[in-house]
Amino acid sequence: MDNAFMARAIQLSIENVLSGRGGPFGAVVVKDGEIIAEGVNGVTETNDPTAHAEVTAIRAACTRLQSFELKGCEIYTSCEPCPMCLGAIYWARPDRIYFGNTADDAAKIGFDDSLIYREMSEQLSRRRIPTIQMMREEALEAFRVWDAKADKAPY
């Protein structure tokens with residue numbers, strides 16, 4: 001299957017490597033048959049561990065649409081999304097995700113997310129990074145304020 005949008009995501013991933021700016025990942029967001037945003041991996045260039053191609057494309061698309069949702073959009077990404085990107089994609093609510101390389105393909109060249117998937121299902125006390133709950137009652141105040149707010153924008 002040949003697709004111009006996936007071809008563009010792949011082209012972005014290759015160009016990103018050749019430019020020396022970041023890893024081999026590219027993504028585009030499409031609405032009504034038009035690319036409205038593009039993103040590449042910029043983790044090392046920006047010193048931002050969240051600067052994955054999908055996240056940067058989502059940020060650009062939401063800015064362009066002036067919306068925190070991407071309903072009516074599709075995301076084309078050169079690789080199966082990592083756990084962080086998959087979470088961001090679900091929060092953005094596009095209609096569909098298309099990907100090129102698999103997570104196994106990425107793992108073979110050093111981008112292995114299997115630890116994160118395992119850690120997410122692990123009990124808090126058994127995670128590699130200590131994860132400790134504290135001040136729950138005080139923190140719940142923000143939730144009570146949100147719950148009582150009449151003019152909130154639910155998402």
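The legends below describe close-up views of a predicted model.

**View 1. The largest pocket and the residues that line it.** The largest pocket encloses about 200 Å³ of space, and 14 residues form its lining, with F25, H52, C82, F111 and D113 lying nearest the centre. Two helices, α3 (53-65) and α5 (103-108), each supply at least two residues of this lining. By residue class, the lining of the largest pocket divides into 9 nonpolar, 2 polar and 3 charged residues.

**View 2. An aromatic cluster that includes W146 and Y155.** The model holds 6 aromatic pairs, and in the pair made by W146 and Y155 the ring centres are 6.4 Å apart with the planes at 75°, so this pair is edge-to-face, the class for planes over 60 degrees apart. Ring pairs link W146 and Y155 with F68 and W91 into a cluster. Of the two residues in the edge-to-face pair, W146 counts as partly exposed at 38% relative accessibility, whereas Y155, at 60%, counts as exposed.

**View 3. Cysteines C62 and C85, with the nearest cysteine sulfur to each.** A disulfide is a covalent bond between the sulfur atoms of two cysteines, and the count of disulfides in this model comes to 0. C62 takes part in no disulfide, the nearest cysteine sulfur being that of C73, 8.0 Å away; C62 is itself buried, with a relative accessible area of 14%. For C85, the closest cysteine sulfur belongs to C82 and lies 3.6 Å away, which is too far for a bond because a disulfide requires the two sulfur atoms to be within 2.5 Å. C85 also counts as buried, at 1% relative accessibility, while C82 is among the residues nearest the centre of the largest pocket shown in View 1.

Terms used:
Residues are numbered from 1 along each chain as its sequence is written. This is a predicted model: local features need pLDDT of at least 70, side-chain atom pairs count only at pLDDT 80 or more; totals for chains, interfaces and linings use all residues. Side-chain values use heavy atoms; hydrogens and water are left out. On a 1 Å grid over the protein atoms alone, a cavity is a set of points where a 1.4 Å probe fits but cannot get out, and a pocket is an open set with protein on both sides within 12 Å along at least five of seven lines; lining residues have an atom within 4 Å of a point. Grid points are joined across faces, edges and corners, and a volume is the space filled by probe spheres set on the points. Helices (H or I, at least four residues) and strands (E, at least two) are DSSP runs, numbered from the N terminus. Ala, Val, Leu, Ile, Met, Phe, Trp, Tyr, Cys and Pro count as nonpolar, Asp, Glu, Lys and Arg as charged, and the others, Gly among them, as polar. Rings of Phe, Tyr and Trp (its six-membered ring) pair if their centres lie within 6.5 Å; planes under 30 degrees apart count as stacked, over 60 as edge-to-face and the rest as tilted. Buried means under 20% relative accessible area, exposed over 50%, partly exposed in between (1.4 Å probe, protein chains only).
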